[in-house]
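Colleague: I would like a close look at a single part of this model. Please take one helix and walk me through its start, its sides and its end.

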Amino acid sequence: MTKNPHIVLFLAENNFSDIEYIKIKNRLTNEKIPFSILSISNNYCKSDKNRTLAPNLKLYNFKPLNFDALILVGGSGILNYLENELLKKIVITFKEQNKYIAAICSAPILLDNFNILRNSEITCYPENKHLLKNNTFTSKTITIHDKIICAQSYNEAIEMVNLLIKKLR
């Protein structure tokens with residue numbers, strides 16, 4: 001599909017999953033796929049292992065047009081964005097522009113909350129399945145609905161990225 005895709009990773013300002021980020025970053029880097037880091041933070045994002053990263057894109061002035069896919073990195077901090085209208089608008093724009101969206105761990109809860117998926121079986125971090133309102137939890141480790149990929153945990157990070165890369169290329 002896209003010869004040289006460009007992907008954006010959304011990281012929570014606090015408590016994004018360090019292991020998910022590292023696995024995703026390493027896989028994209030190994031495949032020579034450029035990516036950018038998007039966050040609400042003006043300074044640094046802090047992982048659940050106290051790794052700090054400076055996002056190169058800010059939520060308030062982000063333009064999805066320049067990207068082929070969005071990855072929502074999980075971790076407990078992502079749940080702080082359930083009511084974030086800016087992130088919701090960006091995710092909806094990716095869907096409306098028929099672009100890929102991947103969400104891992106707790107992040108599929110946002111897709112559910114933003115009505116990106118409805119009446120579907122999706123996976124997420126099992127401890128958060130009670131937060132699903134519009135979809136049904138499945139214990140499958142990866143679910144795919146059109147251009148939406150959901151992965152259950154960091155164990156599926158590489159498989160999720162491989163699926164995304166295959167679809168983009």
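Modeller: Start at the N-terminal end of helix H2, where Asn-84 acts as the cap. A side-chain oxygen of Asn-84 lies 3.0 Å from the backbone nitrogen of Leu-86. Keep in mind that this is a predicted model.

Now the helix itself. H2 covers residues 85-96, twelve in number. From first C-alpha to last, H2 reaches 16 Å, close to the 16 Å expected at 1.5 Å a residue.

Next, the sides. Which residues of H2 are buried? They are Leu-87, Ile-90, Val-91, Thr-93 and Phe-94. These five sit on the same side of H2, because they cover an arc of only 155° around the axis. The general rule helps here. An α-helix has 3.6 residues a turn, so residues three or four places apart point the same way.

What covers that buried side? Several elements do, including strands E1 (7-10), E3 (35-39), E7 (69-72) and E8 (100-104). Helix H3 (108-113) is also among the elements covering the buried residues of H2.

Turn to the other face. Away from the buried side, H2 carries Glu-85, Lys-89 and Glu-96, which are exposed.

Finally, the end. Just after H2 comes Asn-98, with a positive phi of about 60°.

So the picture runs from the Asn-84 cap, through a helix with its buried residues on the same side, to Asn-98 and its positive phi.

Methods:
Residues numbered from 1 in each chain as written. Predicted model: local features only at pLDDT ≥ 70, side-chain atom pairs only at ≥ 80, totals over all residues. Heavy atoms only, no water. Helix = DSSP H or I, 4+ residues; strand = E, 2+ residues; numbered from the N terminus. Expected span 1.5 Å × (residues − 1). Buried < 20%, exposed > 50% of the residue type's maximum accessible area, 1.4 Å probe, protein only. Arc of directions from axis to C-beta. Contact = heavy atoms within 4.5 Å. Polar contact = N/O pair within 3.5 Å; in protein donor to acceptor, adjacent residues only side chain to side chain.
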